[in-house]
Amino acid sequence: MTKSPFMASLQHEIRRRGYAIKTEKNYLYWVRRFILFHHKQHPTKLSDEDVKTFLSYLANAQQVSPNTQKVALNALAFLYNQFLNQPLGKIAFSPSKKSPRIPIVLSKEEVARIFTHLSARDKLICGLMYGSGLRINECLRLRIKDLDFNHNAISVHNGKGGKSRTTLLPNQLAGELHTLCERAVDIQKGDNQKGIGPSMPYALDKKYPNAYRKTGWMFIFPSYNYCHHPVSNKLCRHHLHDSNVRKALSRAVQKAGITHKHVTCHTFRHSFATQMLLAGYDIRTIQTLLGHTDLSTTQIYTHVIGQQFAGTTSPMDLL
C-alpha cells in the first residue's frame, strides 16, 4: 500500500521510538480513519473538538468497545502530543458504554475433549496457553532462551503493554518442549548456512549482527517459510502465524461438540486463571502470573466461578 509522505513520516517516528509492530499498525489505522472521517483534512488543521467528535462517533454510531475506543484515543494522543507537538487538552468525549463481559471458560473435561482433536504441535501451543496463562502471540513468540527447565519457568518478554513477566512451565509439557527445541535448532543450523536466521528485534540486530546464530534466539514455533523483516527488510524466519492455531482450534472445538460456548485461543488463558483460583491460589499470585497491572482486571475471574473470593460458600449450602 502506497503511503502519503505524512503517514510515512508518522510510521518512521513510531519505529524510532521502538513501539511494537502491532501498535504501529493500530496507530496508523486509527490516524488514517481520523483523517478520512474529517474528509482528508490535514491533522494540523483539526482541533481538540474534532478529536472529540471522532471519538464520540466511534462510541455512538459505530458502537465500538471501550477498549477499541481507548486504542483510537491513544493513537490520536500520540499523533498530537508526540508527533505534531500540538498537545491535546482535556477531551470530554462520549465514552463507549458496553459493559465488560464475564470471560468464557472451559472445564477440565472440555479442555481434554478439545485436545483430542488437535495435532501434536497445536495441542502443545494450546497446552501452554492453558497451563501457563499465555496469550496466543506470547506463546508463538517464545524463543529457546525463554524456557527455564531447571526452575519450570517461562519468561515472557515485551508482552501486552511492553511488560515482561515469569510464569509457570508445566511439567507435563517439558519433554515435548525439549524435543521441539532440538528440532528448532536443526532448522536454525540449516538457515544459518544460507546466512538466514530468526527475525530479531531491530535495534538488537544492529547492535549484535551475529546474534541470529545463537541458538537461544531461535523461535520454538518457527514459521514454515522465510519472510522479510518489516523494519530492516532483511530475509529471516519469523514465528508461526497465529491464524494457523486459531483455525485448528476452531475445527477441534467443532469436533469436540462444544457448541454452547464461543471458544477462542484466549479462552485457555481465562480457563488457566479460573482453575488457579479454584485450586486455592491467591488472587495476587494469579495477577502476577497473568501480568495484569491492575488487580481489578484479575478479580473478574472471581465472578466467573460465582464467588467473591476463593473458598466462599453459600449459606444455603451450610444448612
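Reader: Why is cysteine 139 not bonded to cysteine 126?

Author: The sulfur of cysteine 139 lies 8.2 Å from that of cysteine 126, the closest cysteine sulfur, which is too far for a bond. A disulfide is called only for a pair of cysteine sulfur atoms within 2.5 Å. By that rule the structure holds zero disulfides. Cysteine 227 is in no disulfide either: the nearest cysteine sulfur, in cysteine 236, is 4.2 Å away.

Reader: What kind of model is this, and how are residues numbered?

Author: This is a predicted model, where local features need pLDDT of at least 70 and side-chain atom pairs count only at pLDDT 80 or more, while totals for chains, interfaces and linings use all residues. Residues are numbered from 1 along each chain as its sequence is written, and side-chain values use heavy atoms, with hydrogens and water left out.

Reader: Is cysteine 139 called buried or exposed, and why?

Author: Buried means under 20% relative accessible area, exposed over 50%, and partly exposed in between (1.4 Å probe, protein chains only). Cysteine 139 has a relative accessible area of 0%, so it is buried. Cysteine 227, with 29%, is therefore partly exposed.

Reader: How do you know that the span of helix α2 agrees with its number of residues?

Author: Helices (H or I, at least four residues) are DSSP runs, numbered from the N terminus. The expected span is 1.5 Å times one less than the number of residues. For the 17 residues of α2 (residues 21-37) that gives 24 Å, and the end C-alpha atoms are 24 Å apart, so the two agree.

Reader: Which residues of α2 are buried, and what do they pack against?

Author: They are Glu24, Tyr27, Leu28, Trp30, Val31, Phe34 and Ile35. These buried residues pack against α1 (5-16), α3 (48-60) and α4 (66-83), where contact means heavy atoms within 4.5 Å. Just after α2, histidine 39 takes a positive phi of about 55 degrees.

Reader: Why is histidine 270 called buried or exposed, and what does it touch?

Author: Histidine 270 has a relative accessible area of 17%, so it counts as buried. This residue lies in helix α11. Leaving out residues up to four places away in sequence, histidine 270 touches Pro103, Ile104, Val105 and Tyr301.

Notes: Helices (H or I, at least four residues) and strands (E, at least two) are DSSP runs, numbered from the N terminus.
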